[in-house]
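Here is a short briefing on a protein model, covering its surface, its overall form and its pockets. Have a look at the structure first, then read on.

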Amino acid sequence: AMPSPNRGDKMPKQIRPIRVCGDVAYVTLTQGHEAIIDASDIPLVQSFNWRALMPRHTVYALRSDHSGPKVCAVYMHRVIMGDPDGLHIDHEDGNGLNNARDNLRLATPSQNRCNSRTRRDSKSGFKGVGWDAARDKWRAYITLNCKQKHLGVFDSPEEAHEAYCRASKELHGEFGRTS
């Protein structure tokens, strides 16, 4: 028999649906979002309701773990990749909801930052480019291991961005994002 909602008993938890299209599965989240996973990873996520979280510029899928003394956040991409200690999980395409294994890779915190997008408050519209008011020119810079390196000053933001792109290819390698 179903518990009576009038007595304050909890109703059985309804798990949100997972839609499967071939080898890809779409996990229904809150706020109208869906997470993408490989269909083979459904057993890792199917027993839980996952929600959407937007900490800054990217949406992530997570759930709460109430099993310990404190409630912990459990991110879907860390469940899929095995939650490696000391490493981040980088979404290669920058989409925090694309948790397909071919989009996820282990990264150091520094490598993960290299794959960040252009800041929304960028005056130039380019990653690694800012206005140098003292010189009345555009300045190119790049960050590696939390240290900013000056790449030069340029007449246009496009020229400064070209310098950033060259440096990113050399210093950030496969983790470099230029936009």
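The accessible surface of the protein comes to about 11300 Å² (Shrake-Rupley method, 1.4 Å probe), and 50% of that surface belongs to carbon and sulfur atoms. Please keep in mind that this is a predicted model, where local features need pLDDT of at least 70, side-chain atom pairs count only at pLDDT 80 or more, and totals for chains, interfaces and linings use all residues. Residues are numbered from 1 along each chain as its sequence is written, and side-chain values use heavy atoms, with hydrogens and water left out.

**Overall form**
- The protein has four helices and 11 strands (DSSP runs: H or I of at least four residues, E of at least two, numbered from the N terminus).
- Its radius of gyration, over C-alpha atoms, is 21 Å, well over the 16 Å of the globule rule (2.2 Å times the number of residues to the power 0.38) for 179 residues, so the protein is more spread out than a compact globule.
- Along the principal axes, the C-alpha atoms fill a box of roughly 75 × 35 × 35 Å.
- Buried residues (under 20% relative accessible area, 1.4 Å probe, protein chains only) make up 33% of the 179 residues.

**Pockets**
- The largest pocket (an open set of 1 Å grid points where a 1.4 Å probe fits, with protein on both sides within 12 Å along at least five of seven lines) has a volume of about 1400 Å³, the space filled by probe spheres set on the points, which are joined across faces, edges and corners.
- Its lining (residues with an atom within 4 Å of a point) has 45 residues, and R56, N112, R113, S116 and R117 lie nearest the centre.
- Helix α3 gives the largest share of that lining, five residues.
- The second largest pocket has a volume of about 180 Å³, and strand β5 (residues 60–65) gives the most to its lining, with three residues.

Methods: Buried means under 20% relative accessible area, exposed over 50%, partly exposed in between (1.4 Å probe, protein chains only).
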